[in-house]
Amino acid sequence: MDLSRPSITVVTVSLNAAADLPLTIESVLGQTYPQIEYLVVDGLSHDATYDVLARYVGRIDRIVPYEDGGIYAAMNFAARAASGEYVLFLNAGDRFYGADAVESMVERLRGDPDIFFGDHVYVEGRVEQHMPAADFGWLRGRLLHGRIDRDWHLRFPCHQATFTRSALLRELGYDTRYAICADHEFLLRASDAGARMQYVDEIVAHYVAGGFSGAQGPLIH
């Protein structure tokens, strides 16, 4: 183990996602970065999820059944269970952009950020669109000055492309009062609390349309 490089916990939170899990799992297990812990937190699925997970026993570090109170409660639970210095959430159906996605991000770290993030590719059917994240200081300043257009949320770092210091996430947590976009609210709150944030010009993940927040577009705008 290279102690000069951070350990990463990748978490997949799932619920009745048997059809989508294999792509995500293979994407994580295929990463070239050696210091990855992989957790799957499942909300007591009643489809074939556990048959899928059984095929990966010994390769997934931990499979944790959890009767949660929603996606963000499950993510908070996962953060408490993570042993890596940083945690990234990759939903069932999402996948890393390439086998070296994590390694490429870590290699470009400067200093000691609390949160570092990159771009993602948004996948809707057969259409893929590169979605560059904004520098967070610029984005936050734009929001504070009311310069918010209809698609402002698309410039936010998505959690599939965001590595957060586990201790910070355990301290601040996602606010489960928000049904959607609690990950966005967390980033704003962390920034206000003085978290050091770094944007890395790398594509981290494919983010597949159809997630809960994506399905609630009218509530986001």
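Of the 221 residues in this chain, 51% count as buried. The model is a predicted one. Colour the chain by secondary structure, and 8 helices and 9 strands appear. Now show contacts between residues at least 6 apart in sequence: 77% of them join residues at least 24 apart.

**Stop 1: helix H1**

Select residues 21-29, which form helix H1. Its buried residues are Leu-21, Thr-24, Ile-25, Ser-27 and Val-28. Look down the helix axis: these residues lie on the same side of H1, because they cover an arc of only 160° around the axis. Next, add the elements that the buried residues of H1 pack against. These are strand E1 (8-14), strand E2 (36-42), helix H2 (49-54) and strand E5 (95-96).

**Stop 2: Leu-53**

Stay with helix H2 and select Leu-53, which is located there. Is Leu-53 buried or exposed? With a relative accessible area of 2%, Leu-53 is buried, because buried means under 20%. Draw a distance from its C-alpha atom to that of Ile-25, and the viewer should give 9.1 Å. Along the chain, Leu-53 and Ile-25 are 28 residues apart. Leaving out residues up to four places away in sequence, Leu-53 touches Leu-21, Ile-25, Val-40, Ile-60 and Ile-63. Two of the buried residues of H1, Leu-21 and Ile-25, are thus back in view.

**Stop 3: the nonpolar cores**

Select Ile-8, Val-10, Ile-25, Phe-96, Val-102, Phe-163 and Val-204. They are the residues with the most contacts inside the largest nonpolar core, which has 33 residues. The elements giving two or more residues to this core are E1, H1, E2, H2, strand E4 (86-89), helix H4 (101-107) and strand E9 (197-208). Another core, of 30 residues, lies apart from it. To find that second core, select some of its members, including Val-13, Val-41, Tyr-72 and Leu-139.

Return to the largest core and centre on Val-102. Which residues does Val-102 touch, not counting those up to four places away in sequence? They are Ile-8, Gln-31, Tyr-33, Ile-36, Phe-96 and Phe-163.

**Stop 4: the cavity**

Rolling a probe the size of a water molecule over the atoms shows where empty space is left. How many cavities of 30 Å³ or more does a search of the whole structure find? The search finds 1. The volume of the largest cavity is about 70 Å³. To see its lining, select Phe-89, Pro-157, Cys-158, His-159, Thr-162, Thr-164, Tyr-174, Asp-183, Phe-186 and Leu-187. Strand E8 (162-165) and helix H7 (182-192) each supply at least two residues of this lining. H7 gives the most, with 3 residues.

**Stop 5: His-159**

From the lining of the cavity, pick out His-159. His-159 sits in the loop between helix H5 (136-144) and E8. His-159 is buried, as its relative accessible area is 13%. Apart from neighbours within four places in sequence, His-159 is in contact with Met-75, Leu-88, Phe-89, Asn-91 and Asp-183. Phe-89 and Asp-183 also line the largest cavity.

**Stop 6: two cysteines**

Finish with Cys-158, another residue of the cavity lining. Cys-158 counts as buried, at 6% relative accessibility. Then select Cys-181, which is buried with a relative accessible area of 14%. How many disulfides does the structure hold? The number is 0.

How values were computed. Residues numbered from 1 in each chain as written. Predicted model: local features only at pLDDT ≥ 70, side-chain atom pairs only at ≥ 80, totals over all residues. Heavy atoms only, no water. Disulfide = S-S within 2.5 Å. Buried < 20%, exposed > 50% of the residue type's maximum accessible area, 1.4 Å probe, protein only. Helix = DSSP H or I, 4+ residues; strand = E, 2+ residues; numbered from the N terminus. Arc of directions from axis to C-beta. Contact = heavy atoms within 4.5 Å. Core = buried A, V, L, I, M, F, W, Y, C linked by side-chain atoms within 4.5 Å. 1 Å grid on protein atoms, 1.4 Å probe; cavity = no way out; pocket = protein on both sides within 12 Å on 5 of 7 lines; lining within 4 Å. Points joined across faces, edges and corners; volume = space filled by probe spheres on them.
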